[in-house]
Amino acid sequence: MLIEIIYSFLLKIFMDFFEVLGKRRSIRKFRQREVEEEKLQKILEACNRAPSAGNLQAYKIFVVRSQEKRESLATVGRERGFFREAPISLIFCAAPEVSASLYGERGKNLYSIQDATIAAAYAQLAATSQGLATVWVGAFDEEKIKEIIGTDLKPVAILPLGYAAEEPEFTSRKSLKELTQGC
Ligand SMILES: Cc1cc2nc3c(=O)[nH]c(=O)nc-3n(C[C@H](O)[C@H](O)[C@H](O)COP(=O)(O)O)c2cc1C
């Protein structure tokens, strides 16, 4: 009996996880609604569980909330209104020197970026699981972003975070046959 209960509990977790994967999609329009502090904390805690090379966590997450900085994000490069609309933007920056201290060039040029990237991917899924929305923004002028948030670290991804104001179609994917190759 106990085993059955544990099994059904585990099954629920398993299904919930795949439901989250299935629900996540890029959102580029946000409602004027604040993100609850507890939800933000859960997202940041999810990031903090992400694996990293040597467990160095060679990245930092900048939490942008101020109207002024959001406006700067929206108008740097091509206009992106979603940075203005979303109440929060999370900027994931790699800390290359932290990883380089243990792994040299590979840490600097690869692991620190992967550390930041994995954390951002966790953030997207954690946001979805809480009814929030994001879009991964990778096209930006690094120097301008560094100036806005006041850092020398390397910006890798920006996620505007908030409640969706649109319901776009889900995007298609390759078949697993195309995506994978036995070897
Ligand atoms: C590395 C990376 C960079 C991206 N850069 C941008 C971007 O600069 N602007 C944007 O609107 N979407 C960007 N996206 C979002 C993708 O366009 C989106 O994830 C893809 O079309 C699949 O759609 P989905 O997220 O709804 O599944 C980026 C995604 C990734 C992973």
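In this predicted model, the protein chain comprises seven helices and four strands, which succeed one another along the sequence in the pattern α-α-β-α-α-β-α-β-α-β-α. The C-alpha trace of the protein chain extends over about 60 × 45 × 35 Å when taken along its principal axes.

The four strands are assembled into an open sheet, in which the order is β1-β2-β4-β3 and the pairing is antiparallel. The edges of this sheet are formed by β1 (59-64) and β3 (133-134), each of which pairs on one side only. For β3, the partner is strand β4 (residues 154-162), and the two are joined in the antiparallel sense over two bridges; within this pairing, Thr134 has Leu161 of β4 as its bridge partner. Helix α6 (residues 142-149) packs on the sheet, where it touches β1, β2 (88-94) and β4, and the direction of α6 makes about 65° with that of β4.

Helix α6 also packs with helix α3 (residues 67-75), the angle between them being about 175° and their axes lying 10 Å apart. Because angles over 145 degrees count as roughly antiparallel, α3 and α6 are therefore described as roughly antiparallel to each other. On the side of α3 the contact is made by Lys69, Ser72 and Leu73, while α6 contributes Ile145, Ile148 and Ile149. Classified by residue type, this contact of α3 with α6 has four nonpolar residues, one polar residue and one charged residue.

Helix α5 (residues 96-129) departs from a straight course: although α5 has 34 residues, its end C-alpha atoms are only 30 Å apart, short of the 50 Å that a straight helix would reach at 1.5 Å a residue. A kink of about 155°, centred on Tyr103, is found in α5. Beyond the helix, α5 is followed by Gly131, a residue whose phi is positive, near 80°.

Note on methods: Residues are numbered from 1 along each chain as its sequence is written. This is a predicted model: local features need pLDDT of at least 70, side-chain atom pairs count only at pLDDT 80 or more; totals for chains, interfaces and linings use all residues. Side-chain values use heavy atoms; hydrogens and water are left out. Two strands pair if DSSP finds at least two bridges between them. Contact means heavy atoms within 4.5 Å. Axes are lines fitted to C-alpha atoms, for helices over the stretch in contact, and angles run from 0 to 180 degrees between N-to-C directions. The expected span of a helix is 1.5 Å times one less than its number of residues. The bend at a residue is the angle between axes fitted to the seven residues ending there and the seven starting there. Angles under 35 degrees count as roughly parallel, over 145 as roughly antiparallel, 65 to 115 as roughly perpendicular and the rest as oblique. Ala, Val, Leu, Ile, Met, Phe, Trp, Tyr, Cys and Pro count as nonpolar, Asp, Glu, Lys and Arg as charged, and the others, Gly among them, as polar.
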